Amino acid sequence: MHELSIAMSIIELAEEEAERRQCRVSAVHLRLGALSGVLKDALTSSYEIACENTRVAGSKLIVEDVPIIVFCESCQADRTLTSMQWFCCPECGTPTFKVVQGKELEVIALEIQ
Ligand SMILES: [Zn+2]
C-alpha cells in the first residue's frame, strides 16, 4: 500500500531525530498537497498502525492540507484552484497546467518532549 510505505518513511525520519536528540516525539507535522496522490485519511491511519512498537509509538501525524495553486497566463497571477477536475483559472476560465503548489509531501516540524 502506497500510504503505508510513506508512513513508514516518515516514522523512520522521526525515529532518527528522536535517537539523535535523545527525546520523545509526540507529533509529526506534515504538509500534504492535494496533487500529491496521497490520501490523508489512509496516511494518518497507516501512521498510527505503523508507529506501534517503534521509538515514536503513540505519536500523532498532523497533516496540513496544501491547496493547488496554478499560474494563469492571461491574468499573469497565481490562482488557487477550487476543483481538482478542472485546471482552469477560477477568475477568467483560461485552462492552465502550470502548477505552482500542490504536490508537497514534506515533514515540516516535529513536536518533541
Ligand atoms: Zn486567469
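1. Ser 59 is a useful place to begin reading this predicted model, since several parts of the chain meet there: leaving aside residues up to four places away in sequence, Ser 59 touches Val 25, Ser 26, Ala 27, Tyr 47 and Cys 51. Ser 59 itself sits in the loop between α2 and β2, and with a relative accessible area of 2% it counts as buried, because that value is under 20%.

2. The side chain of Ser 59 takes part in two interactions that a reader may wish to display. One is a polar contact of 2.8 Å with the side chain of Tyr 47, and the other takes the Ser 59 side chain to the backbone oxygen of Val 56, at 2.7 Å.

3. The strands β2, β1 and β6 form an open, three-stranded sheet in that order, with mixed pairing. Its edge strands are β2, covering residues 60-66, and β6, covering residues 105-112, each of which pairs on one side only. From one strand to the next, the twist averages 20°.

4. Within this sheet, strand β1 (residues 25-33) runs antiparallel to β6, and the two are joined by seven bridges. On this pairing, Arg 31 stands opposite Glu 106, a residue of β6.

5. Two helices should be viewed together with the sheet. Helix α1, made of residues 2-21, lies across β1, β2 and β6 and runs at about 40° to β6. Helix α2, made of residues 40-50, also packs on the sheet, where it touches β1 and β2, and its direction makes about 165° with that of β2.

6. Contacts between residues of the helical segments can be followed from Ala 50, which lies in helix α2. Not counting residues up to four places away in sequence, Ala 50 touches Leu 4, Met 8 and Ile 11. For Ala 50 and Ile 11, the separation along the sequence is 39 residues, while their C-alpha atoms are 7.8 Å apart in space.

7. Glu 17, found in helix α1, deserves a separate look. Its relative accessible area is 16%, which means that Glu 17 is classed as buried, the cut-off being under 20%. The side chain of Glu 17 is joined to that of Arg 21 by a polar contact of 2.7 Å.

8. The zinc ion has four protein donors, namely the SG atoms of Cys 72, Cys 75, Cys 89 and Cys 92, which lie 2.2 to 2.3 Å from it. The arrangement is tetrahedral because the angles that the four donor atoms subtend around the zinc ion are 104 to 115°, and four donors count as tetrahedral if all angles lie between 85 and 135 degrees. For comparison, the ideal angle for four tetrahedral donors at a metal is 109.5 degrees.

9. Along the chain, the donors of the zinc ion follow the spacing C-x2-C-x13-C-x2-C. Cys 75 lies in the loop between β3 (69-72) and β4 (77-80), whereas Cys 89 lies in the loop between β4 and β5 (99-101), so this pair ties together parts that are 14 residues apart in sequence.

10. Are Cys 75 and Cys 89 buried or exposed? Cys 75 has a relative accessibility of 28% and therefore counts as partly exposed, whereas Cys 89, at 3% relative accessibility, counts as buried.

Definitions and conventions
Residues numbered from 1 in each chain as written. Predicted model: local features only at pLDDT ≥ 70, side-chain atom pairs only at ≥ 80, totals over all residues. Heavy atoms only, no water. Donors = N, O, S within 2.8 Å, 3.2 Å for Na, K, Ca; no water. Tetrahedral: all angles 85-135°; square planar, octahedral: opposite > 155°, others 65-115°. Helix = DSSP H or I, 4+ residues; strand = E, 2+ residues; numbered from the N terminus. Buried < 20%, exposed > 50% of the residue type's maximum accessible area, 1.4 Å probe, protein only. Pairing = 2+ DSSP bridges. Axes fitted to C-alpha atoms, helices over the stretch in contact; angles between N-to-C directions. Contact = heavy atoms within 4.5 Å. Polar contact = N/O pair within 3.5 Å; in protein donor to acceptor, adjacent residues only side chain to side chain.
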